[in-house]
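Student: I should like to understand how descriptive terms are assigned to a protein model. Could we examine one together?

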Amino acid sequence: LPYSVIVDYLRFLSVFGRGTKVSSHDEDLMVALKVDSPQYASQKMTNLYTHELVRREPGKITGIGRRPLQYYVPK
């Protein structure tokens, strides 16, 4: 795996642990991954999902628009 993927995975795991579901718009996720926009956090989480390090599922519907994805590390 690329070094950047491993670092992002360890940052995510150290802050949220296993089983905690978070959206890419979550401020704590952006701080953990050291990014300043939800779009970049989403790219990093999609990269982790592509490498099968995290799982994702549709989140709750919050008004009009897309349904946000919830990312988590299974227990």
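Tutor: The discussion below concerns a predicted model and takes up its helices and three single residues in turn.

Student: What makes the length of helix α1 close to the expected one?

Tutor: Helix α1 (residues 3–16) has 14 residues, and the expected span is 1.5 Å times one less than that number. The expectation is 20 Å, and α1 reaches 20 Å from its first C-alpha to its last.

Student: Which residues of α1 are buried, and how do you know that they lie on the same side?

Tutor: The buried residues of α1 are Val5, Asp8, Tyr9, Phe12 and Phe16. They cover an arc of only 100° around the axis, and therefore they are on the same side of α1. The face turned away from that buried side carries the exposed residues Tyr3 and Ser14. Covering the buried residues are elements that include β1 (22–23), α2 (27–33), α3 (38–50) and β3 (69–72).

Student: What follows α1?

Tutor: Glycine 17 follows α1, and its phi is positive, near 70°.

Student: Why is α1 called roughly perpendicular to α3?

Tutor: The two helices pack at an angle of about 105°, with their axes 10 Å apart. Angles of 65 to 115 degrees count as roughly perpendicular, so α1 and α3 receive that description.

Student: Which residues form the contact of α1 with α3?

Tutor: From α1, Val5, Asp8, Tyr9 and Phe12 meet Lys44, Met45, Asn47 and Leu48 of α3. By class, the residues of this contact divide into five nonpolar, one polar and two charged.

Student: How do you know that the buried residues of α3 line one face?

Tutor: Ala41, Lys44, Met45 and Leu48 are the buried residues of α3. Viewed down the axis of α3, they fall within an arc of 95°, so they line one face of the helix. These buried residues pack against α1, α2 and β3. On the other side of α3, Gln39, Gln43 and Thr50 are exposed. As for length, α3 has 13 residues and reaches 18 Å, close to the 18 Å expected at 1.5 Å a residue.

Student: Why is leucine 29 called buried?

Tutor: Buried means under 20% relative accessible area. Leucine 29 has 0% relative accessibility and therefore counts as buried. This residue lies in helix α2. Beyond its neighbours within four places in sequence, leucine 29 is in contact with Phe12, Phe16, Val22, Ser23, Ser24, Ala41 and Met45. Leucine 29 and alanine 41 are 12 residues apart in sequence, with 7.3 Å between their C-alpha atoms.

Student: Is glutamine 70 buried or exposed, and why?

Tutor: Glutamine 70 has a relative accessible area of 18%, which is under 20%, so glutamine 70 is called buried. Its place is in strand β3. Leaving aside neighbours within four places in sequence, the contacts of glutamine 70 are Lys21, Val22, Ser23, Arg55, Arg56, Glu57 and Gly59.

Student: What makes glutamate 52 exposed?

Tutor: The term exposed requires a relative accessible area over 50%. Glutamate 52 has 73%, and therefore it is exposed. Glutamate 52 is found in the loop between α3 and β2 (55–58). Just after α3, glutamate 52 takes a positive phi of about 60°. Glutamate 52 and valine 73 are 21 residues apart in sequence and 9.8 Å apart in space, C-alpha to C-alpha.

Conventions
Residues numbered from 1 in each chain as written. Predicted model: local features only at pLDDT ≥ 70, side-chain atom pairs only at ≥ 80, totals over all residues. Heavy atoms only, no water. Helix = DSSP H or I, 4+ residues; strand = E, 2+ residues; numbered from the N terminus. Buried < 20%, exposed > 50% of the residue type's maximum accessible area, 1.4 Å probe, protein only. Arc of directions from axis to C-beta. Contact = heavy atoms within 4.5 Å. Axes fitted to C-alpha atoms, helices over the stretch in contact; angles between N-to-C directions. Parallel < 35°, antiparallel > 145°, perpendicular 65-115°, else oblique. Nonpolar A, V, L, I, M, F, W, Y, C, P; charged D, E, K, R; others polar.
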